[in-house]
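Dear colleague,

The structure you asked about is below, with the sequence. My notes on it follow.

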Amino acid sequence: MKLIKRLSTTISATLDSAVGQLENHDAIVEASIKQTRQSVAKTKARINTLRQQHTAYQSQLKEAREQYDVWTERAAKLASTEQEKALQCVARRNQCEADIGRLSYSEKQQGELIREVSANLQTLQTKLDEMTQKHNLMRSRQTVADVNRAVAYASTDDSLSDTFERWESAVLEHEFAVSDACARDFLDVELTRQEDEADLLAQLAIITQNEQSPEADNER
């Protein structure tokens, strides 16, 4: 019996340790999911900022191209009549051309950044989805494991079974004692009572006879 109890204690301790490890794993995975979710949120915010900047570059580039055409047209109109102004228009046109080159490069770079960060976001989102799915699955499996552990612990808890056995034994002893008391022979009790009563009557008859005899009167 002691060996069984030791085995039961060992099994219980092993199961408790396993559950503790599962709980630690759950906390680690949950923390990792939280961190990844925060990274996803930050990446989405960063993409929104990049897109806003990209839109601004596109708007500025469009404006620079429109101004390029305006100064080109003005230079052409003033070339024959007001050469000095025409040259100033050409200078402004050249500035617009430089702006177009700079903005075109920035707009292109911004588009590449958006594509790169979007790819990273997709990777993070996929990782987050996989982690969340596995986490939910492992939690479900842990729930089943907890139930199985409770069943196994109940099945191996011999100390409680011993307690029930000792309790039942004590109850049976009391039941047998009461049963013996209640099982007395009623005929024996009745005959014994009659015998005792007959003995008392015999004694009473002797006393009565002695009281009525002449010798008893003389003695008085």
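Which residues lie nearest the centre of the largest pocket? They are His25, Asp26, Val29, His135 and Met138, out of 10 residues that line the pocket. Please keep in mind throughout that this is a predicted model.

The largest pocket holds about 160 Å³ of space. Two elements each give two or more residues to its lining: helix H1, which covers 2–78, and helix H2, which covers 83–155. Helix H2 supplies the largest share, with 6 residues. By type, the lining of this pocket divides into 4 nonpolar, 3 polar and 3 charged residues.

On the overall fold, the protein has 5 helices and 0 strands. Read from the N terminus, the order of elements is therefore simply α-α-α-α-α, as helices are the one kind of element found. The chain has 220 residues, and 15% of them count as buried. For contacts between residues at least 6 apart in sequence, 83% join residues that are at least 24 apart.

Two buried positions in helix H1 may be of use when you look at the model.

Leucine 61 is in helix H1. Its relative accessibility is 7%, and because the cut-off for buried is under 20%, leucine 61 counts as buried. Setting aside neighbours within four places in sequence, leucine 61 is in contact with Ile100, Leu103 and Ser104. One of these partners, isoleucine 100, is 39 residues away from leucine 61 in sequence, yet the two C-alpha atoms are 5.8 Å apart in space.

Threonine 43 is also placed in helix H1. Is threonine 43 buried or exposed? With a relative accessible area of 14%, threonine 43 falls under the 20% limit and so is buried. Apart from neighbours within four places in sequence, the residues in contact with threonine 43 are Val117, Leu121 and Leu124.

Last, the aromatic rings. How many aromatic pairs does a search of the whole structure find? The search gives 0. There is, however, a charge placed over a ring: arginine 74 lies over the face of tryptophan 71, at 4.6 Å from the ring centre.

If you open the model with the pocket in view, begin with His25 and His135, which are among the residues nearest the pocket centre. For the buried positions, leucine 61 with Ile100 and threonine 43 with Val117 are the pairs to display.

Regards

Technical notes: Residues are numbered from 1 along each chain as its sequence is written. This is a predicted model: local features need pLDDT of at least 70, side-chain atom pairs count only at pLDDT 80 or more; totals for chains, interfaces and linings use all residues. Side-chain values use heavy atoms; hydrogens and water are left out. On a 1 Å grid over the protein atoms alone, a cavity is a set of points where a 1.4 Å probe fits but cannot get out, and a pocket is an open set with protein on both sides within 12 Å along at least five of seven lines; lining residues have an atom within 4 Å of a point. Grid points are joined across faces, edges and corners, and a volume is the space filled by probe spheres set on the points. Helices (H or I, at least four residues) and strands (E, at least two) are DSSP runs, numbered from the N terminus. Ala, Val, Leu, Ile, Met, Phe, Trp, Tyr, Cys and Pro count as nonpolar, Asp, Glu, Lys and Arg as charged, and the others, Gly among them, as polar. Rings of Phe, Tyr and Trp (its six-membered ring) pair if their centres lie within 6.5 Å; planes under 30 degrees apart count as stacked, over 60 as edge-to-face and the rest as tilted. A charge sits over a ring if NZ of Lys or CZ of Arg is within 6 Å of the ring centre and within 35 degrees of the ring normal. Buried means under 20% relative accessible area, exposed over 50%, partly exposed in between (1.4 Å probe, protein chains only). Contact means heavy atoms within 4.5 Å.
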